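Biologist: I'm new to this one. Can you walk me through it?
Modeller: Sure, here it is.

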Amino acid sequence: MALPDSLPLVPHPADVRREEGVIPLASARISGDAGVAGLLRDALVARTGVRSQVVGEGTDAEIVLSVDPAAGAAEAYVLDALGDAIRITGADAAGLFYGTRTLLQLLHDSDAGWAVPRVRIEDAPRFAYRGVMLDVARHFFGVDAVKAYIDRAVDLKFNHLHLHLTDDQGWRLEIDSWPLLTERASGSDTTGGAGGFFTKDQYREILAYASERHVTVVPEIDLPGHTHAVGIAYPDLVEEPWLSEQSIAEQAALGSPLPVHGEYYRGAAVGHSSVRIHEERTYDFITDVLREVAEITPGPYLHIGGDECLGTPAADFALFFERVSRIAADTGKTPVAWHEAGAVTGIAEGTIGQYWGSVEPKGSHAEEAEHFVERGGALIMSPSDRAYLDMKPTPDFPLGLVWAGIVPVRAAYEWEPTAVVPGLADDAILGVEAPLWTETVTTIAAADTLVFPRIAAHAETAWSPKDGAERTWDSFRARVAGLAPAWEASGIEFTRSEEIAWA
Ligand code: TNX
């Protein structure tokens, strides 16, 4: 099958020069960085059956990998497939890795066998932070599932995985100094399943897998709300559930049982729990947990939540978050928090805000987001009506939620991260993250149906130049259709959205 006129490249590279013809790939000897070369070989073997092997540097090879800082800024690469060999030069190891992800998208089964079009590509990301989030608290996803999610993300050049590790329904990471968290509070989930948790070794295994693929893991311990599960392990740390008339009605509408202090919560409502803000022992607990998480996490970020504390008076929330953002910063990490924490005047300087309001901010959301920037931080943009992968893509979709709206592929594609919160300098936006909350999702196969193809839209928003000629919905929908064969070959259960003209 010949390749279409618009090459199936998502995210679209900064610059693509295409010439007539293809380079057939009868066999693939790969030289260069052993880690990146090995991953490329594995992908080639899985996809093509082309005889592929890693060979020593300087040996004859069809695919020549190298690193040269002159190839561009951080994460940049040049892919040259105009000569006899395919040469990929990364500005750094990450750039080299992204060049190989582009090569995999160029690979197609032509009349001459597996081949690559003759192209020269110069590419670099728009944003430094290109994230996906997986909620392993509402339903637990084990090590293999998280690795599979990382595989999906890196093929689209995402470089951060935010793990939402704790919530009302379960605590998912072993903490040595507070062992009952996982002993008592990990064994359930939103729908009454068995739950689960990561031992520290398993968490380290995820970190290693991520790091080989140039992914930074951002662990989240959600505080002070979303902490009902803490109260199953240590009842004295958590308040009685906060229930307003409105939230009781909402839970009835969701078919969720009401939360009971110290017992598993098997429901999907939010905003009813809080740790005890006026108890010193709460801060001993948080100091230990954040220290242990920081100690085993190599990346620079520590996410401390801050969302949906519906029953917490603003003054208590401020008192708590000023103190806890500092405890987080004192671990040596940069704190990250959901945008509500931007209401806190004295939040630790440099804290990164994660914006989850709508693309047209409501109420105080924009001001809250701005405050992180005033305090020397920056923003990660996750507008829920565009970037939330758990919102239904069509009204009748079997999985997903609707509270932020129905999010078709086109809506996921067409928004501009620097335009959401007005008046900010472009460099106030660290990047983009697409969260997957898992109240309705129990397996990676199910996740795939919600996530694909919309995740590709977010990859392009995060990576591709804003004003590139191909940065249009019409171009995107043609290119994303071209990824279907690779997704099928990888066993990705993507949704054949009617908005895309799948071949
Ligand atoms: C809101 S927006 C949440 C999560 C839910 C999600 C479901 C935000 C930071 N929190 O607790 O899982 O909606 O879409």
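**Helix pairs, ligand and odd backbone spots**

Modeller: Helices α14 and α15 are oblique to each other. Keep in mind that this is a predicted model.

Biologist: At what angle do the axes of α14 and α15 cross, and how close do they come?

Modeller: The crossing angle is roughly 125°, and the axes come within 11 Å. Angles over 145 degrees would count as roughly antiparallel and 65 to 115 as roughly perpendicular, so this pair is classed as oblique. For orientation, α14 covers residues 454-463 and α15 covers residues 473-481.

Biologist: Is the crossing of α14 and α15 left-handed or right-handed?

Modeller: Right-handed. On the α14 side the contact uses Ala456, Ala457 and Glu460, and on the α15 side Phe476, Arg479 and Val480.

Biologist: How does the contact of α14 with α15 divide by class?

Modeller: There are 4 nonpolar residues and 2 charged ones, with no polar residues.

Biologist: What comes just before α14 in the chain?

Modeller: A loop between α13 and α14, where Pro453 is found. Phe452 and Pro453 are joined by a cis peptide bond, with omega about 5°.

Biologist: Where else is there a cis peptide bond?

Modeller: Another one joins Leu223 and Pro224, and its omega is about -15°. Pro224 sits in the loop between strand β13 (216-223) and helix α6 (230-233).

Biologist: Back to α13. How does it pack with α3?

Modeller: The angle between α3 (residues 143-154) and α13 (residues 444-451) is about 30°, and their axes are 11 Å apart. Angles under 35 degrees count as roughly parallel, so α3 and α13 fall in that group. Their crossing is right-handed.

Biologist: Which residues of α3 and α13 meet?

Modeller: From α3, Ala145, Ala148, Tyr149 and Arg152; from α13, Ile444, Asp448 and Val451. By class, that contact has 5 nonpolar and 2 charged residues, and no polar ones.

Biologist: What is odd about the backbone at Lys157?

Modeller: Lys157 has a positive phi of about 70°, although it is not a glycine. Lys157 belongs to the loop that lies between α3 and β10 (160-164).

Biologist: Now α8 and α9. What are the angle and the distance for their axes?

Modeller: The axes of α8 (residues 280-296) and α9 (residues 314-330) cross at roughly 30° and come within 10 Å. That makes α8 roughly parallel to α9. The crossing of this pair is right-handed.

Biologist: Which residues make the contact between α8 and α9?

Modeller: α8 supplies Glu280, Thr282, Tyr283, Ile286, Thr287 and Leu290, while α9 supplies Phe320, Arg323, Val324, Ile327 and Ala328. The contact of α8 with α9 has 7 nonpolar, 2 polar and 2 charged residues.

Biologist: Different topic. How many residues surround the ligand, and which are the closest?

Modeller: 14 residues surround the ligand. The closest are Arg138, Tyr388, Asp390, Trp403 and Glu439.

Biologist: How far is a polar side-chain atom of Arg138 from an oxygen atom of the ligand?

Modeller: 2.7 Å. For Trp403, a polar side-chain atom lies 2.7 Å from a ligand oxygen atom.

Biologist: And Glu308?

Modeller: A polar side-chain atom of Glu308 lies 3.1 Å from an oxygen atom of the ligand.

Conventions: Residues numbered from 1 in each chain as written. Predicted model: local features only at pLDDT ≥ 70, side-chain atom pairs only at ≥ 80, totals over all residues. Heavy atoms only, no water. Axes fitted to C-alpha atoms, helices over the stretch in contact; angles between N-to-C directions. Helix = DSSP H or I, 4+ residues; strand = E, 2+ residues; numbered from the N terminus. Left-handed = near helix turned anticlockwise from the far one by under 90°. Contact = heavy atoms within 4.5 Å. Nonpolar A, V, L, I, M, F, W, Y, C, P; charged D, E, K, R; others polar. Near = heavy atom within 4 Å. Polar contact = N/O pair within 3.5 Å; in protein donor to acceptor, adjacent residues only side chain to side chain.
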